[in-house]
Amino acid sequence: MESLIQIINKLQDVFAVIGEHKIDLPQIVVVGSQSSGKSSVLESLVGKSFLPRGTGIVTRAPLILQMIRYSTNDFEEMVKITKNRHIKCWASFLHKQGIIYDNFDEVRGEIESQTDILAGSNKGITHEPIVLKVYTLSFDLTFVDLPGITKVPVGDQPDDIDEQIQDLILKYVEQSNSIILAVVTANTDPSTSESLKIARKMDPDGVRTIAVVTKLDLIDKGTIQDTSDLLCGHRIPVKLGIIGVVNRSQMDINDNKSMKETIKSEKEFLRINYPDIYKNHGNKVLAKKLQDVLVKHIKKTYPILLKNLNDTKIRLQNELKTLRTPDSKVSFVLGLFKDIYKSYCDTILGNRKDVSDQVVFGGARISQIINEEYLEKVKKIDPLFDLSEEQIKTILLNTAGITNSSFVNLKALEIMIGRQLKNLIEPSLSAVDSVRSEMLKIFDSIDGNILETLKRYPRINYDVRNVLNAMLDDKLINLKECIMSHIETYQTCLNTTNPLFLLKLVHSSPDKDDADDSANISLPSIGGITREDTEEDEENLIQQFKELLSGLNDYSVETSKQVKIHKRLIYCYFEFIRDILGDYVPKRIHHKMVNLVLNDFEHNLDEQVFTPYVMNRSFDEVMVEEDGVVEDRQRVEQLLGAVNKALKNMVDIQCF
């Protein structure tokens, strides 16, 4: 049976081919500064020298390194290709299926070549991984080797190379299923280690971090005790352990010192310099530790990984539904139009299941516009805006002409009320515009799958939106004319005997100056009704106002008092009409725009869009897909296939 790590390797292979994905795989991510000995650690674990070396950024693409303890079947497959039974360790690349490398200098060359293909030859980096499989008799282990952390660009490196590398590293280490292998040099202060800074940032409790201390052989003899404290975990707060290693020096590399000799030298060095703890350190101990940690981590994260894969499968299946090519184009379009109409109505009528808890939208937003924002706007309008007492006096005199003005000048009153009611026109018509805009906006908040389908077919999308836009324009014109006519009626036809208006007058309270002056008017009371007044008092006052406004009692008063009473009449009549419009305009918008659009939308789609498609036999023409949709469909199909393949592999994990 394959090992757990080999099963995860298969998942890595699957998703490496796809490219960008959001599946968080359990894996060991190697993080270290340039020249920290990161490459030497990996080569010691593999037992082969195969990684590119040199100055500047050598690793410029994520290298997924899979060490595989090969089986008899693996060996026989290799022999079929190479015809060589003497090979004991070999490698292959995912991007070069069927090619076997037993010369690891060639492996190094292929890594360099593929890096240039993916990242370019100008020292830039790429997020696209290279997958390298190394078949060995040692053990199963897998790593993601990332570019070394740098601060200063060198040579042809981009100016923001440090930020690019940080972004790439964070992309891997921020995943909760990643184990961070932080490479730290023994001859530097761990508090300044860039790899540990990143580890602490993404794993503050150190629960998924292992520290590897390199270059133990380069420290002064006098600092060995300090290094012992470091290796014992007294200075680096990580939970998965700290392991010191001694790798090949540059001289060893130049002298072609074998890995076997390196391991032997390392063991002797540790035994002599760290006699109490040497058994807990070294590359062999590191390999065993990493293998144990990774296996435990895979078992621990299995339920989460399985859930993520299943969730992704459902999401991709739904996405693929919107990208599918319909068998019957006629049925598809007809069904699409029905879905559009239903989703649009549901959004306005509040029947959506996916109710937002963040924003008010759909019909609720329309209600806000006409029942709250509109009313609030008209209530803020001053009934006497831009109409001073001096202006009232002038209008009264001018409308009287060569005759004396009666106490209530109905001609002047009509002119002044008509003028003030104009101030209600703009907010009323503006409310219509706002609802029209909102009803267009609502279309963009219907079911997301429907919108994605429409996006695929630009012609259908245009035709459907054009129908809605034309309907709203038509309703807008008629509705505005209706509201304008309604307001104009009140401007030109005063109804001063309306009981509601008279009640406004009776219950209105003039300002202090008006109250003092009105006491001299020969009406029994021109003030407002108080709590102590009776219904009989109210009726008497209403009757007096009727007589006053009808001209039956043509009182002769001085001009200032006449101005006061007209000012009060204008104020009360404006409020009377404002109350009427506050009820009329929202209901009219609701009835003549919202309801009519909902009632006619499906019929208009059928009559103006679907029927012409049928008559003109233009379904092939209108269902030409948007650029890139075919590629999107292929991408989703490929990723869904990868997820299904991954889920199939995940079944094997349950057996462990």
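Biologist: Which strands do the buried residues of H3 pack against?

Modeller: In this predicted model, helix H3 covers residues 72-82, and its buried residues are Phe-75, Met-78 and Val-79. Looking down the axis of H3, they fall within an arc of 100 degrees, so they line one face of the helix. That buried set packs against strand S3 (90-93) and strand S4 (96-101).

Biologist: And which residues are exposed on the other side of H3?

Modeller: The buried residues Phe-75, Met-78 and Val-79 line one face of H3. Just after the helix comes Lys-83, with a positive phi of about 60 degrees. On the other side of H3, the exposed residues are Asn-73 and Lys-80.

Biologist: Let's move to H13. Seen down its axis, within what arc do its buried residues fall?

Modeller: H13 has 12 residues, 389-400, and reaches 17 Å from its first C-alpha to its last, close to the 16 Å expected at 1.5 Å a residue. Its buried residues are Ile-392, Ile-395, Leu-396, Thr-399 and Ala-400. They line one face of the helix because, down the axis of H13, they fall within an arc of 130 degrees.

Biologist: Which exposed residues does the face of H13 turned away from its buried side carry?

Modeller: Ile-392 and Leu-396 are among the buried residues of H13. The helix is followed by Gly-401, which has a positive phi, near 65 degrees. Turned away from the buried side, the other face carries Glu-390 and Asn-398.

Biologist: Now the strands. Which strand is joined to S2 by 7 bridges?

Modeller: S2 spans residues 63-69 and is mostly covered, with 6 of its 7 residues buried. Its Leu-65 stands opposite Leu-132. The partner joined to S2 by 7 bridges covers residues 130-136 and runs parallel to it: strand S5.

Biologist: Over how many bridges do S2 and S6 pair?

Modeller: Ile-64 stands opposite Val-144 in S6. S6 is made of residues 141-145, and its pairing with S2 is in the antiparallel sense, over 5 bridges.

Biologist: Before we trust the details, which element of the protein chain has the lowest mean pLDDT?

Modeller: The mean pLDDT of the protein chain is 83, and 87% of its residues reach 70 or more. Over residues 512-526, pLDDT stays under 50, and the model has 20 contacts there beyond four places in sequence. Where pLDDT is low, the predicted coordinates should not be read in detail. S3 has the highest mean among the elements, 94, and the lowest, 42, belongs to helix H19.

Biologist: On to the rings: how many residues apart in sequence are the parts that Phe-332 and Tyr-457 tie together?

Modeller: A search of the whole structure finds 12 aromatic pairs. Phe-332 and Tyr-457 form an edge-to-face pair, 5.8 Å centre to centre with 70 degrees between the planes. Phe-332 lies in helix H11 (residues 329-349) and Tyr-457 in the loop between H16 (448-456) and H17 (458-492), so the parts tied together are separated in sequence by 125 residues.

Biologist: Are those two rings buried or exposed?

Modeller: Phe-332 has a relative accessibility of 10%. Tyr-457 comes to 2%. The cut-off is under 20%, so Phe-332 counts as buried, and Tyr-457 likewise counts as buried.

Biologist: What is the geometry of the rings of Tyr-344 and Phe-601?

Modeller: Tyr-344 sits in helix H11 and Phe-601 in helix H21 (residues 559-616), so far along the chain that they are 257 residues apart. Both residues are buried. Their ring centres are 5.4 Å apart and their planes lie at 70 degrees, so the pair is edge-to-face.

Biologist: Which residues does Val-622 touch, not counting residues up to four places away in sequence?

Modeller: Val-622 lies in helix H22 (residues 619-622) and is buried, with a relative accessible area of 0%. Asp-463 is 159 residues away from Val-622 in sequence and 9.5 Å away in space, C-alpha to C-alpha. Leaving out residues up to four places away, Val-622 touches Tyr-457, Arg-459, Ile-460 and Tyr-613.

Biologist: Last one: which residues does Thr-262 touch, not counting residues up to four places away in sequence?

Modeller: Thr-262 is found in helix H9 (residues 259-273). It is buried, with a relative accessible area of 4%. Not counting residues up to four places away, Thr-262 touches Val-246, Asn-247, Arg-248 and Lys-257.

Conventions:
Residues are numbered from 1 along each chain as its sequence is written. This is a predicted model: local features need pLDDT of at least 70, side-chain atom pairs count only at pLDDT 80 or more; totals for chains, interfaces and linings use all residues. Side-chain values use heavy atoms; hydrogens and water are left out. Helices (H or I, at least four residues) and strands (E, at least two) are DSSP runs, numbered from the N terminus. The expected span of a helix is 1.5 Å times one less than its number of residues. Buried means under 20% relative accessible area, exposed over 50%, partly exposed in between (1.4 Å probe, protein chains only). The arc is that of the directions from the helix axis to the C-beta atoms. Contact means heavy atoms within 4.5 Å. pLDDT is the predictor's confidence in each residue, from 0 to 100. Two strands pair if DSSP finds at least two bridges between them. Rings of Phe, Tyr and Trp (its six-membered ring) pair if their centres lie within 6.5 Å; planes under 30 degrees apart count as stacked, over 60 as edge-to-face and the rest as tilted.
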